[in-house]
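Student: Please take one part of this model and go through it closely with me. I'd like to know how the pieces around it fit together.

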Amino acid sequence: MSYVTGLKCIHCDREYRTNQVDYYCPACGYQDGILDVVYDYDAVAKELNPAAMAKQGERSMWRYLPLLPIEEPSLIPHLQVGWTPLYSAPRLAGELGVSHCWVKDEGRNPTASFKDRASSVGVVKALENKATRITCASTGNAASSLAGFSAAAGLPATIFVPQRAPEAKVAQLLVYGAQVFSVQGSYDQAWELCMEASAEFGWYNRNCAINPYLIEGKKTVSLELAEQFAALTPGSFPDWVVVSVGDGCTIGGVWKGLWEMHRLGFIPRLPKVLGVQAQGCKPFLTAWEEDGCLVPGEADTVADSIAVGHPRNFCKGMRGVTESGGAFVAVPDEDILGAITVLARKAGVFGEPAGVAGVAGVRRAVKLGIIAPEESVAIIVTGNGLKDIQSAIRAGGQPITVKPDLAEVRKAVAANRGHH
Ligand SMILES: [Zn+2]
């Protein structure tokens, strides 16, 4: 039993009962007719309020069950997902030129990325639907995450990844036993192929943009942020919440979760949302700066998780930034690689390129005057650095090679004095 009252099309406002449609609004089609899960918030508030949550012992995203579209909690897989740490990072704040900085380390999830929040919900919905197989297309992390959660649930998975997906992510898929198609094409082409295969074979479709339930898992990162800030700094909340943007689902979920926690009385005011894209792939920024319309474009960036030229959840992604009074920025690959070491050295958190893009984005937004020096930021680091070791090596440099001889170490230490 959930508090979901229905599904509402974000394009035409038509409402549906949950058993009426599978994924998207039939009147608008999958390009436009993305559905939003609607709740009875008055009923939710009786269970999910600050006093009740103070006594809630569950240390995972399932502590927010009243705000999730789950009908059968007994089907939830056993892997612990969510309730990731929120760190105060004063040295990083100094480096970026803001008053305070917090880092939410999503690399601490079971398959080392933020996507676990969505995959766990997807797997439960597939099981509730008595599906025999689940599928998705992914730039990497959603895929490895789905593979992990379907393995945990004993549900077969078929996954489509573009050829450029980093080896470590593909290795994760294969280790978890998923059937993997490495598509000789872009992520956009892998996505279309997955849609066709899902329709042909009747597989449950985990693609976040068209499956309205996935974003509900993603929003839990904001539910946690709200509660964790209430504990850290009662009565206040950061001015900005920062996250990298690919398809638009993550930032859309982040915004929905913030809105809900404000509605339920956990946070005093809504923050602005900063969406960070890569310079080589910035359809959201372009649309936001121009007429608000999506023009699919190139996807050329080292940050594979946000290399999405044709965002599939454009409306929800835009809404997060526009409704919050926030902004989009884009950062070049060299800044993203630089942010890997900045985050690691100033805050002790090792993120993958898309995971640290938010760090580079804050620096850029400060430079552009979008974020003021007296403002505070919370950065969501969406994936662990070990996910993409090639980029990490490019960012981190090479070790000092020596023979097993102290004299060589002595010489190297003397030569490096002043560098480290
Ligand atoms: Zn519609």
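Which strands does helix H15 (residues 353-367) lie across, and at about what angle to E12 does it run?

Tutor: Helix H15 lies across strand E10 (240-244), E11, E12 and E13, and its direction runs at about 105 degrees to E12. The model is predicted, with local features needing pLDDT of at least 70 and side-chain atom pairs 80 or more, while totals for chains, interfaces and linings use all residues. Numbering starts from 1 along each chain as its sequence is written, and side-chain values use heavy atoms, without hydrogens or water. Helices (H or I, at least four residues) and strands (E, at least two) are DSSP runs numbered from the N terminus.

Now for the sheet under that helix. Six strands make up an open sheet, in the order E4-E5-E13-E10-E11-E12, and the pairing is mixed. Strand E4 (86-88) and strand E12 (327-331) are at the edges with a single partner strand each, so one side of each has no neighbour in the sheet. On average, neighbouring strands here are turned by 25 degrees against each other, direction ignored. (Axes are lines fitted to C-alpha atoms, for helices over the stretch in contact, and angles between N-to-C directions run from 0 to 180 degrees.)

H15 is not the end of the story. Helix H14 (residues 333-347) also packs on the sheet, where it touches E5, strand E11 (272-278), E12 and strand E13 (376-381). The direction of H14 makes about 100 degrees with that of E12. Contact means heavy atoms within 4.5 Å.

At the E4 edge, E4 pairs with strand E5 (residues 100-105) in the antiparallel sense, over three bridges. (Two strands pair if DSSP finds at least two bridges between them.) Looking at one bridge, leucine 86 has lysine 104 in E5 as its partner.

For contrast, look at the other sheet. Four strands form it, open and parallel in pairing, in the order E8-E7-E6-E9. Here strand E8 (179-183) and strand E9 (204-205) are the edge strands, and each has a single partner strand, so one side of each is left without a neighbour. Strand E6 (residues 134-137) pairs with E9 in the parallel sense over two bridges, and isoleucine 134 stands opposite tyrosine 204 in E9. Helix H6 (residues 141-153) packs on this sheet through contacts with E6 and strand E7 (157-162). The direction of H6 makes about 165 degrees with that of E6.

A few buried spots are worth a click too. Ten of the 13 residues of H10 are buried (under 20% relative accessible area, with exposed over 50% and partly exposed in between, 1.4 Å probe, protein chains only), so the rest of the structure largely encloses this helix. Among them are Val221, Leu223, Glu224, Glu227 and Phe229.

Asparagine 313 sits in the loop between helix H12 (283-289) and helix H13 (314-324), and its relative accessibility of 0% makes it buried. Leaving out residues up to four places away in sequence, asparagine 313 touches eight residues you can pick out by name: Ile34, Cys208, Ala209, Ile215, Asp247, Gly248, Cys249 and Phe284.

Valine 124, in helix H5 (residues 116-128), is buried as well, with 0% relative accessible area. With the same kind of neighbours left out, up to four places away in sequence, valine 124 touches Ile70, Glu72, Leu75, Ile76 and Pro77. The C-alpha atoms of valine 124 and serine 74 are separated by 9.1 Å, though these residues are 50 residues apart along the chain.
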